[in-house]
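Q: I have just opened this one and have never looked at it before. Could you walk me through it, starting with the whole chain and then moving to a single residue?
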Amino acid sequence: MGEAYPELKDAQARVEKALLQEEERFAITLANGMKLLTEALAQLQGTELSGELVFKLYDTYGFPVDLTADVAREHNLTLDEAGFEREMQAQRERARKASSFATGEAGVTDFHQATTFVGYDTDCIEVSIAALFIGGERRFDVAAGEQALVVLNQSPFYAESGGQVGDTGSLTCGMNSAAVIDTQKQGDMWVHRVDVTAGTLSEGMMLTAQVDATARAAVSRHHSATHLLHAALRSVLGEHVEQKGSLVNAQGLRFDFSHGESVTQAQIYAIEAIANANVVRNLPVDIQQMSIDAAKAKGAMALFGEKYGDVVRVVDMGDASIELCGGIHVRQTGEIGLIKVVTETAVASGVRRIEAVAGLQAMQTVQQQDAQLAALSGSLKVSRDKISERIDAMAAQIKALEKQVENANLAVALAKVPELMAGAHSLAMGKLIVAQLADIDAKALRELAEQLRDKCQPAAVVLASVSGDKITLVSAVSKALHATVKAGEVVSGLAVAVGGKGGGRPDCAQAGGSDIAALPVALASVKEMLTAKMI
């Protein structure tokens, strides 16, 4: 396809890398899914895989349903397709209920009146109520203490879109008032969710609509900061970076972008430096409406897959950034104040997420980090520039102490060798040692089992150590006995009996469990079983 799409040739190395990453990730998904499916098959009663299991594999672990069906057919099993569909429908219902305006208020969609949005030019204007709704039913009056959806003839409130949250504020008329707690779009109609705080709101009433100017200013700083960060990300990471999603509110910003690997701390510092340099330049933010072709000719960045009309809104920050955007922005980049990246994480295959704060929120973040450094400096009793050095020294000291503890635990465990050897049962095929111990860690228990096996050749050794509410199990078996006794099989069966799982090689295997009350009986059963095999 390179002739039709020349950009593919330029991006060949990046495409190949992305494909390889996808293949590797899917291989991990398949391995994890097959492990879970195999465990479920081992415990299955009947000939049908439950819809709950199929859905869990699909929804939680990304295991394809058709692959689950293939595995089921190989084992002469069927899928509970009706149960799977019920789980899918329940998931859809959960998603629906999480939306800002639930379908339980569907009566709003039966009403339509286009709203004239005036919020680009003002944050306060006289409006009239076109319609009121509660629970999807149209109401002509809404009294104090009730929450309602309100449609206005015109609105200064920005309705949530393009990642920017809906405006909040107030509606007032004399002694009548309501707090606007959210603003959403339904087509070209703005719907305001309000709490009536005093008096009554009535259809046709004239009110003063006032946007929360402080919150909007914080949102606008974060929205403009998002544009500068987007440009900085492309500058530092490469032109392949594209917006995949965003959230802008008064508390901060979240920006998802295409990138196949984690962003290093050095790259984050570079991104911050570029974005803040453009803040300091105090560039004018020029916003114009023009045809989509004129916008593209001007170099405006559009979102891939997004639908645009013939006329678009272009947010131009000079040579720093130019994008198509319908959001609220600052007038000069200097109003942003400071941009501080808070986190950078992966959210999906090939998609990263950067979270940041701007303005007063950035100052608060820096102050919090400064307070943490001050507290750490005080706790460690060193100056701030020596904190890292002091932590490295403490980490080295902890590592040395952990090694000492490990050696001490091992010495305590190995001190039991003579006692356990003396209690070994001599059978026709070799020695058998089955014992329950206390407070020996997994590594020391394994070393103890292997030493007992090697000193009593040929031998089968099964040890259990109880520490708190956890059981550690280890089995070690001489090679000469593998035809009859395998450590992995022994420890796996024992683990199931004590509410755990595990396994390993024929010569040495390890497992865990939690049912301490069942351990004595389980060990006695293992001892009886091995005695019968080794006679």
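Q: How much of the protein chain is made up of buried residues?
A: This is a predicted model, and in it buried residues account for 40% of the 535 residues in the protein chain.

Q: And what does the chain expose?
A: The protein chain exposes about 27,900 Å², of which 54% is supplied by carbon and sulfur atoms.

Q: What radius of gyration does the protein chain have, set against a compact globule?
A: The protein chain has a radius of gyration of 33 Å, whereas a compact globule of 535 residues would have one near 24 Å. Taken along the principal axes, the box filled by its C-alpha atoms is roughly 100 × 65 × 60 Å.

Q: How many helices and strands are there?
A: The secondary structure of the protein chain comes to 14 helices and 26 strands. If you look at contacts between residues at least 6 apart in sequence, 63% of them join residues that are at least 24 apart.

Q: Switching to one residue, where is I322?
A: I322 lies in strand 18, which covers residues 322–324.

Q: Buried or exposed, and why?
A: I322 counts as buried because its relative accessibility is 15%, and the cut-off for buried is under 20%.

Q: Which residues is I322 in contact with?
A: Leaving aside neighbours within four places in sequence, I322 is in contact with K298, G299, A300, M301, V314, V315 and D316.

Q: What about G51, how does that sit relative to I322?
A: G51 and I322 are 271 residues apart along the chain, and their C-alpha atoms are separated by 49 Å.

Definitions and conventions: Residues are numbered from 1 along each chain as its sequence is written. This is a predicted model: local features need pLDDT of at least 70, side-chain atom pairs count only at pLDDT 80 or more; totals for chains, interfaces and linings use all residues. Side-chain values use heavy atoms; hydrogens and water are left out. Helices (H or I, at least four residues) and strands (E, at least two) are DSSP runs, numbered from the N terminus. Buried means under 20% relative accessible area, exposed over 50%, partly exposed in between (1.4 Å probe, protein chains only). Contact means heavy atoms within 4.5 Å. The radius of gyration is taken over C-alpha atoms; the globule rule is 2.2 Å times the number of residues to the power 0.38. Accessible areas come from the Shrake-Rupley method with a 1.4 Å probe; for residues, only the protein chains shown count as cover.
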